[in-house]
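Colleague: Could you take me closely through the sheet of this model, strand by strand, and say what packs against it?

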Amino acid sequence: MLKIVLDGTPSLREASKEVELPLSDKDRETMKKMLDYLVKSQDPAFLEKHPNVRSGVGLAAPQIGINRRMLVVYFLDDPENNHYTTYALANPRIVASSIKRAYLQGGEGCLSVPKGHEGYVYRHYKVTVSAVDGLTGNPVLIKERGYGAIVLQHEIDHLDGILFYDRIDKKDPFKELPGAVAI
Ligand code: CO
């Protein structure tokens, strides 16, 4: 079982180092383990047995104590077809982003941040991310919008030591940004 590094740990605030390419078996294994953790964290039977585990849709390597640029994402995007958006990425980089913003109406959460932080986190509505696929080792170019784009940006922030609440306006946490898409 992976141990999640919690807010207050200095390494969570450090910028992570690039992953060396081609991907090593060890790095691939790490991403597999991270993805496996997310999948399990959404399984009700698993959660019942492990009450301390919280459900997550994204996880970045610094959150398991590895300050290298790797992340995984896993969330249900199409309940009717039971389809999940799944990413395991090394060296992800945002290469294009929309001016249009988006935010989660219920605010963001994070496996490393047990304490709630109320307020809107404005992010790009659309992003294009270049990365190396953590499972195949091939370069990939990903386009996401809405929820998927928000999750990717949240996880990439972890690689730069940024936590979601850093982006909440402390003076006006629920400030309305004209034109931003509520999700
Ligand atoms: Co997080």
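Modeller: I begin with one pair, where V129 stands opposite I142 in β7. The model is a predicted one, in which local features need pLDDT of at least 70, side-chain atom pairs count only at pLDDT 80 or more, and totals for chains, interfaces and linings use all residues. Residues are numbered from 1 along each chain as its sequence is written, and side-chain values use heavy atoms, with hydrogens and water left out.

Seven bridges join β6 to β7 in an antiparallel arrangement; strands here are DSSP E runs of at least two residues, helices are H or I runs of at least four, both numbered from the N terminus, and two strands pair if DSSP finds at least two bridges between them. Five residues separate the strands in the hairpin of β6 and β7, where G137 takes a positive phi near 80°. On β3, six bridges pair that strand with β6, again in the antiparallel sense, and S97 has V127 as its bridge partner in β6. Seven of the eight residues of β6 are buried, so β6 is largely enclosed by the rest of the structure (buried means under 20% relative accessible area with a 1.4 Å probe, protein chains only).

The five strands form an open antiparallel sheet in the order β1-β2-β3-β6-β7, with β1 (58–60) and β7 (139–145) as the edge strands, each pairing on one side only. Helix α1 (residues 25–41) packs on this sheet, touching β1, β2 and β3 (contact means heavy atoms within 4.5 Å).

Notes:
Axes fitted to C-alpha atoms, helices over the stretch in contact; angles between N-to-C directions. Buried < 20%, exposed > 50% of the residue type's maximum accessible area, 1.4 Å probe, protein only.
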